[in-house]
Structures are given as structure tokens and as C-alpha cells.
Amino acid sequence: MLDETELLEDVASRIWFTYRKGFSQINGNGPDSDQGWGCMIRCGQMLLAETFSRLYLKRTFKWDSPGNTGNPYYWKILSYFRDEKLAPYSIQQIAMMGVSEGIQIGKWFGPNAIAQVLK
């Protein structure tokens with residue numbers, strides 16, 4: 001069983017995503033915030049980021065300190081999720097893939113939709 005310090009280190013080492021605003025507009029004229037519709041997309045991003053972390057960094061990876069530059073794989077994983085058009089798992093890419101699943105940009109994704117898009 002983890003003691004309190006180990007538990008805090010473990011939680012601090014997970015990659016978290018939340019609503020964002022001020023990113024480049026989706027498809028050039030879409031929203032620049034995902035408030036109110038991006039929660040399932042952010043959950044899907046976290047799930048995929050955690051999968052990449054466990055695959056490439058292993059479960060034992062710990063973020064040592066705020067000044068730690070960390071493992072280069074950590075930064076590579078984060079780069080996949082940047083809120084910019086060219087990042088493969090960005091809000092922009094996911095929203096555009098959602099269009100192919102019949103979900104308008106700025107509309108909520110359900111759990112199955114985010115799973116299909118990330119697939």
C-alpha cells in the first residue's frame with residue numbers, strides 16, 4: 001500500500017487535461033474554447049496519454065520535481081496532445097475526426113464517439 005507521499009507523487013506524475021480557451025480556432029472558424037463540450041474529448045486524451053505513459057515510461061515513472069526536465073518520452077507524449085492543428089491527438093484533430101462520425105464541431109462527444117475517433 002502506498003503511503004501519503006508516494007500517493008501524491010503518483011498523482012502528480014499523471015497527465016491531466018482540462019477545458020482550455022484561447023487555442024487556434026478549429027477548422028479556421030470554429031470555437032477557440034472547449035468549455036461545455038470538450039469534457040469527453042479531454043477524458044479520451046487523458047486515457048490515451050496514460051496508455052502511452054505506461055507503455056513508454058512504465059508505471060513506475062515519477063515526476064521528481066517542478067524543475068525536472070523529465071524523460072524525453074514524457075515530452076514527446078505531451079506533444080501529441082498540444083492544442084494545435086498538427087498535433088495528432090489535439091482538440092482540433094479530434095473535433096475534425098468527429099465530423100466524420102457525424103458530430104458537429106463544438107458538440108459534445110459521447111464515450112463511444114471518442115473511442116471511435118481515437119481508434
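# Loops, helices and cores in a predicted model

Me: Asn-27 is found in the loop between helix 1 (4-12) and helix 2. Is Asn-27 buried or exposed?
Reply: The model is predicted. Phi of Asn-27 is near 60°, which is a positive value in a residue other than glycine. The cut-off for exposed is over 50% relative accessible area. Asn-27 has a relative accessible area of 51%, so it counts as exposed.

Me: Which residue just after helix 4 takes a positive phi?
Reply: Helix 4 covers residues 91-100. Just after helix 4, a positive phi of about 90° is taken by Gly-102.

Me: How far apart in space are Tyr-19 and Trp-37, C-alpha to C-alpha?
Reply: Tyr-19 lies in the loop between helix 1 and helix 2 and is partly exposed, with a relative accessible area of 37%. Leaving aside neighbours within four places in sequence, Tyr-19 is in contact with Asp-34, Gln-35, Gly-36, Trp-37, Gly-38, Cys-39 and Arg-42. Tyr-19 and Trp-37 are 18 residues apart in sequence, and their C-alpha to C-alpha distance is 9.0 Å.

Me: Which residue lies 8.4 Å from Thr-60, C-alpha to C-alpha?
Reply: Thr-60 is found in the loop between helix 2 and helix 3 (72-79). It is exposed, with a relative accessible area of 66%. At 50 residues from Thr-60 in sequence and 8.4 Å in space, the residue is Asp-10.

Me: How are helix 4 and helix 5 oriented where they pack?
Reply: Two packed helices are described by the angle between their axes and the distance between the axes. For helix 4 (residues 91-100) and helix 5 (residues 111-118), the axes are 9 Å apart and the angle is about 105°. Because angles of 65 to 115 degrees count as such, helix 4 is, with respect to helix 5, roughly perpendicular.

Me: How many charged residues are there in the contact of helix 4 with helix 5?
Reply: From helix 4 come Ile-94, Met-97 and Gly-98, which meet Ile-114, Val-117 and Leu-118 of helix 5. The residues of this contact divide into 5 nonpolar and 1 polar, and the number charged is none.

Me: Where on helix 5 do its buried residues sit?
Reply: The buried residues of helix 5 are Ala-113, Ile-114 and Val-117. Pro-111 and Asn-112 are exposed on the other side of the helix. The buried residues cover an arc of only 95° around the axis, which means that they sit on the same side of helix 5.

Me: Which helices are included in what covers the buried residues of helix 4?
Reply: In helix 4 the buried residues are Ile-91, Gln-92, Ile-94, Ala-95 and Gly-98. For helix 5, the cover includes helix 2 and helix 4. For helix 4, the cover includes helix 2 and helix 5.

Me: Which helices each supply at least two residues of the largest nonpolar core?
Reply: This core has 13 residues, and those touching the most other members are Ile-26, Trp-37, Ile-41, Ile-91, Ile-94, Phe-109 and Ile-114. With neighbours within four places in sequence left aside, Ile-41 is in contact with Ile-91, Ile-94, Phe-109 and Ile-114. The helices that each supply at least two residues of the core are helix 2 (39-56), helix 4 and helix 5.

Me: How many residues are in the other core, which has Ile-15 among them?
Reply: The largest nonpolar core has 13 residues. Apart from it lies another core, with Ile-15, Phe-17, Phe-61 and Phe-81 among its residues, and their number is 11.

How values were computed. Residues numbered from 1 in each chain as written. Predicted model: local features only at pLDDT ≥ 70, side-chain atom pairs only at ≥ 80, totals over all residues. Heavy atoms only, no water. Axes fitted to C-alpha atoms, helices over the stretch in contact; angles between N-to-C directions. Helix = DSSP H or I, 4+ residues; strand = E, 2+ residues; numbered from the N terminus. Parallel < 35°, antiparallel > 145°, perpendicular 65-115°, else oblique. Contact = heavy atoms within 4.5 Å. Nonpolar A, V, L, I, M, F, W, Y, C, P; charged D, E, K, R; others polar. Core = buried A, V, L, I, M, F, W, Y, C linked by side-chain atoms within 4.5 Å. Buried < 20%, exposed > 50% of the residue type's maximum accessible area, 1.4 Å probe, protein only. Arc of directions from axis to C-beta.
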